[in-house]
Amino acid sequence: MYDYIKGKVTRVTPEYLVIEQQGIGWQIFAPNPYSFGSEDLQVFLHHHVREDAQLLFGFPTFEQRELFRKLISVSGIGPKGALAILASGQPQHVIEAIEREDESYLVKFPGVGKKTARQMILDLKGKLTEFFGDSFGSEETNTLLSSDQSELEEAMLALGALGYSEREIIKVKPQLRDLDLDTEGFMKKALQLLLKQN
């Protein structure tokens, strides 16, 4: 129904961003809302319809959106789970894990157990080669920050919104405190640490 939207980012939260276009603010859920810039930008959309809601999911590239659609086609993976996978900022690693049938890597994502990991491999192996390449490289962007929370705290809230448990978040937080990063940087580093944990 919707392919993309162009507009200005007017709000960023741990779960979604708001893009204003012609006086209307569109609430768009995204893998890492803090990775979007604050200027006018184009966001590729997926319109998700449930019995109780209609939601928009947004991605900085066409390829990320198509990978999201592939992921939610797998039984056991909903939009929230697919966002958590894409938020790692390393979709190539996910694709490679599926191609190698590496279940141990896939089960590190929130909501992905052994059964779901096996289903991902069964459904998607050999069907994701179109997503290899530089399409997922992220550019340095500015972020909109609220005045009452530190960038680290915002990143921790975003991890919680993606489905990571408080125990997992507390475990990586001390390793991030001394780093000088923006919210997006903290998110990427935290996700890397979470994916390395056993």
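Let's start with T116 and what it touches: setting aside neighbours within four places in sequence, T116 is in contact with S75, G76, I77 and G111. This residue is found in helix 5. Is T116 buried or exposed? Its relative accessible area is 11%, so T116 is buried. Please keep in mind, as I go along, that this is a predicted model.

Those residues bring me to an annotation. UniProt, in an unreviewed entry, has "domain: Helix-hairpin-helix DNA-binding motif class" over residues 69–88 and 104–123. How do the two spans look in the model? Residues 69–88 are 65% helix and 0% strand, and the C-alpha atoms at the ends lie 17 Å apart. For residues 104–123 the values are 65% helix and 0% strand, with 17 Å between the end C-alpha atoms.

Now to the core. The largest nonpolar core has 61 residues, and L106, M120, L159 and Y164 are those with the most contacts inside it. Which helix gives the most to this core? That is helix 8, residues 183–196, which contributes seven residues. If you would like to look at one core residue on screen, try L106. Not counting residues up to four places away in sequence, L106 touches V94, A97, I98, V112, A117, M120 and I121.

Next, helix 6, which covers residues 151–162. With twelve residues, helix 6 reaches 17 Å from its first C-alpha to its last, close to the 16 Å expected at 1.5 Å a residue. Its buried residues are L152, E154, A155, M156, A158, L159, A161 and L162. What covers them? The cover includes helix 2 (79–87), helix 7 (166–172) and helix 8. After helix 6 comes G163, and its phi is positive, near 110°.

Let me finish with charges. Side chains of opposite charge can pair when their charged atoms come close. How many salt bridges does a search of the whole structure find? The search gives nine, and I'll walk you through three of them.

The pair of K125 and E101 is a salt bridge with 2.7 Å from N to O. This pair links distant parts of the chain, 24 residues apart: K125 is in the loop between helix 5 (114–124) and helix 6, and E101 is in the loop between helix 3 (91–100) and helix 4 (103–106). Both ends have some access to the outside: K125 is partly exposed, with a relative accessible area of 38%, and E101 counts as partly exposed at 45% relative accessibility.

In helix 8, E184 forms a salt bridge with K188, and the closest N and O atoms are 3.2 Å apart. Where do these two sit relative to each other along the helix? They are four residues apart in helix 8, so about one helical turn separates E184 from K188. E184 counts as buried, at 5% relative accessibility, whereas K188 counts as partly exposed at 25%.

My last pair is E66 and R65, whose side chains meet in a salt bridge of 3.0 Å, N to O. R65 has 3% relative accessibility and therefore counts as buried. There is also a wider network here, in which salt bridges link D3, R65, E66 and R69.

That's my tour, and I'm happy to go back to any of these residues with you on screen.

How values were computed
Residues are numbered from 1 along each chain as its sequence is written. This is a predicted model: local features need pLDDT of at least 70, side-chain atom pairs count only at pLDDT 80 or more; totals for chains, interfaces and linings use all residues. Side-chain values use heavy atoms; hydrogens and water are left out. A nonpolar core is a set of buried Ala, Val, Leu, Ile, Met, Phe, Trp, Tyr and Cys residues joined through side-chain atoms within 4.5 Å. Buried means under 20% relative accessible area, exposed over 50%, partly exposed in between (1.4 Å probe, protein chains only). Contact means heavy atoms within 4.5 Å. The expected span of a helix is 1.5 Å times one less than its number of residues. UniProt positions are given in the numbering used here, feature names are shortened, and annotations may be inferred rather than shown by experiment. A salt bridge is a side-chain nitrogen of Lys or Arg within 4 Å of a carboxyl oxygen of Asp or Glu.
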